[in-house]
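User: Please take a close look at one part of this model, the packing around a single core residue. Then connect that part to the rest of the fold.

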Amino acid sequence: MSPQSQQPAVPGTAVPDTPSDRRRWIALAIIMTAAFMDLVDVTIVNIAIPSIEQDLGASFSSIQWITAGYALAFAAGLITGGRLGDIHGRRRIFLIGVAGFTAASALCGLAMSAEVLVAARLLQGAMAALMVPQVLAIVHTTFPPHERGKVFGLFGAVVGLGAVSGPLLGALLTEWDLFGLAWRPIFLINLPVGVAALILGRIYIVESRAPKALKLDLPGVALVVTALLMLIYPLTRGRELGWPLWGHLCMAASPLVFALFVVYERYKTRKDGSPLVELSLFRIKSFAAGIAVQLTFGVVLGVFFLVWTLYMQIGLGWSALRAGLTGVPFSIAVSLAAGVSVQKLVPRFGRKVLQAGVATMAAGILLYSWQAEHYGSGIEPWQMMGPLVLMGLGMGLIVAPLTNAVLAEVPRRHAGSASGLINTVGQTGNALGLGLVSVVFFGAMNGSVGDGFSEHSGAGGEAGAGTAAGDGAAREALAEAFGGAFQNSMWWVSGILLGIFLLMFALPAHPEHRPEGTEPDGPGEGREREPVLAH
């Protein structure tokens, strides 16, 4: 989110004079609904991936792009979306984002091919990048400082609800097969919500702009997107195409484009002070290390959640509902640990809480990998509960306090730029992780399974969802192939978590909220830090 998205209310625009003004609470409900719609749309898709694959005959790379495309478009547009709201009005850009997100959801729900669905998901991510950055900015211009703590608490509840309800809602909608539409209602459900948000948003959300908005940096966006595409596209397509030479050349050239991006950002800083990325922030050791943590943790989440879904539904032949219910203990553990870590543990133990979270998550992943090997295709949901709870507790100890730890030594005048970069980098890591799935998961399978699985998958039944009826040998072979690939992926994830654990030594030992109006290198602007709406 842009720095101006974090600014206090513009005089005479939107902050109400009395707490009795109910219109602002209706406006809050509208923007929270939109934020919830975006959060759920991220988590709801994974659980329906096998059904989508079966219906559209999608390839491995298409499956990855259905998820990675959204994350990449969202990451690429976040900072620019915030600045557009600062310049042209937060309500206007928010409503444009909602309208575009709703239209893209309709295109997703009506897609008749994997290629159309991928394109629609890219559009959906880009529209979310217009919509989401305005949410906290509208809160700033609608609520006085003494009420924002209550509002941010409500947002925390919305994020937790989205994490828990997304997979379950996706499982139920897929399992119910409403009107014979299979997976399509997971997208079409956004239509009535989006239309209602559009109508009510025009009535109840008050327009606001930043008095000194930063300029756009479209060349910077183009450079960073090009560099990411040169890395992610060959990763997702390379295996299916036999790793052609152009793929290796693209990946090798990607760092050069990133270097060109850095050179341009320095020029942009000298020219008008409006770079896409404030490079001076990376001189702060804790921030640079924190960004690396955020990026690699995004990779972990990108790899795990897609691999986990494919393992349960295609490898083990479970229904979407059974897979969704299996994940409930994980989601609950994340929510519980997140609340305890911020309120009780971090103030006392500091950075050690985050490192304990990484260690706990790694222990859960290693235990999960052992169970997958030990029980094979006969593993049951209750046997997964132990490692999933461990992983959830570990993740909760990390995600809630990480943003404040990364921002702890950042000057307040750069807090907005830093917050936006944290969210952007997390989404970028997620897209990279989804791209790596073709290497760490699909690449670990033998050719008979790994070259395509449309004939194997099926989202409609339990043990029979994967092979022809009664073909137990083929079912067992498929389970063994997916189980082995899952274990290989978990070893990769464990290795990345070890790197994250070591990087965390560069974070402040005891991250603290500095008093209002103070910062390491001089007077600040007196703005409180609000949560980053990350997925």
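Analyst: Start with F441 in this predicted model. Setting aside residues up to four places away in sequence, F441 touches V307, L310, F482, A485, F486 and S489. Its ring also belongs to an aromatic cluster, made up of F60, F441, F442 and F482. F482 therefore appears twice: as a contact of F441 and as a member of that cluster, where rings pair if their centres lie within 6.5 Å.

F441 is also a hub on a wider scale. The largest nonpolar core has 104 residues, and F441 and F287 have the most contacts inside it. Helix 11, residues 285-315, gives the most to this core, with 16 residues. A second core is separate from the first; it has 35 residues, including M37, L84, L136 and V139.

Now follow helix 11 to its aromatic residues. F305 and W308 both lie in this helix, three residues apart, or about one turn. Among the 18 aromatic pairs of the structure, F305 and W308 form a tilted one, because their ring centres are 6.2 Å apart and their planes meet at 55°. Tilted is the class left between planes under 30 degrees apart and planes over 60. The two partners differ in burial. W308 has 7% relative accessibility and so counts as buried. F305 has a relative accessible area of 21%, so it is partly exposed. The cut-off for buried is under 20%.

F305 has another aromatic partner, F330. This pair is edge-to-face, with 5.7 Å centre to centre and 75° between the planes. F305 sits in helix 11 and F330 in helix 13, residues 328-349, so the pair ties together parts that are 25 residues apart in sequence. F330 is buried, at a relative accessible area of 5%.

Next, helix 16, residues 415-440, where A431 is placed. A431 counts as buried because its relative accessibility is 0%. Beyond its neighbours within four places in sequence, A431 is in contact with A68, A71, L72 and I232. The A68 contact spans a long stretch of chain: the two residues are 363 apart in sequence, yet their C-alpha atoms are separated by 4.6 Å.

Helix 18, residues 472-503, holds Q487. This residue counts as buried, because its relative accessibility is 16% and the cut-off is under 20%. Leaving out neighbours within four places, Q487 is in contact with S369, A372 and E373.

Such links fit the contact pattern of the whole protein. Among contacts with a separation of 6 or more, 85% join residues 24 or more positions apart. The protein has 18 helices and zero strands. Of its 535 residues, 57% are buried. The protein exposes about 20600 Å², and carbon and sulfur atoms supply 67% of that area.

Two local details of the backbone remain. One is in helix 15, residues 381-407. Its 27 residues should span 39 Å at 1.5 Å a residue, and its end C-alpha atoms are 39 Å apart, so the two values agree. Helix 15 nevertheless has a kink of about 45°, centred on P401.

The other detail is in the loop between helix 6 (145-176) and helix 7 (185-188), where F179 is found. A182 has its place in the loop between helix 6 and helix 7 as well. Most residues other than glycine have a negative phi. F179 has a positive phi, near 55°. A182 also has a positive phi, near 55°. F179 is exposed, because its relative accessible area is 83% and the cut-off for exposed is over 50%.

Back to the starting point. F441 has contacts with F482 and F486, among others. F441 shares an aromatic cluster with F60, F442 and F482. F441 is also one of the two residues with the most contacts inside the 104-residue core.

Notes: Residues are numbered from 1 along each chain as its sequence is written. This is a predicted model: local features need pLDDT of at least 70, side-chain atom pairs count only at pLDDT 80 or more; totals for chains, interfaces and linings use all residues. Side-chain values use heavy atoms; hydrogens and water are left out. A nonpolar core is a set of buried Ala, Val, Leu, Ile, Met, Phe, Trp, Tyr and Cys residues joined through side-chain atoms within 4.5 Å. Buried means under 20% relative accessible area, exposed over 50%, partly exposed in between (1.4 Å probe, protein chains only). Helices (H or I, at least four residues) and strands (E, at least two) are DSSP runs, numbered from the N terminus. Contact means heavy atoms within 4.5 Å. Accessible areas come from the Shrake-Rupley method with a 1.4 Å probe; for residues, only the protein chains shown count as cover. The expected span of a helix is 1.5 Å times one less than its number of residues. The bend at a residue is the angle between axes fitted to the seven residues ending there and the seven starting there. Rings of Phe, Tyr and Trp (its six-membered ring) pair if their centres lie within 6.5 Å; planes under 30 degrees apart count as stacked, over 60 as edge-to-face and the rest as tilted.
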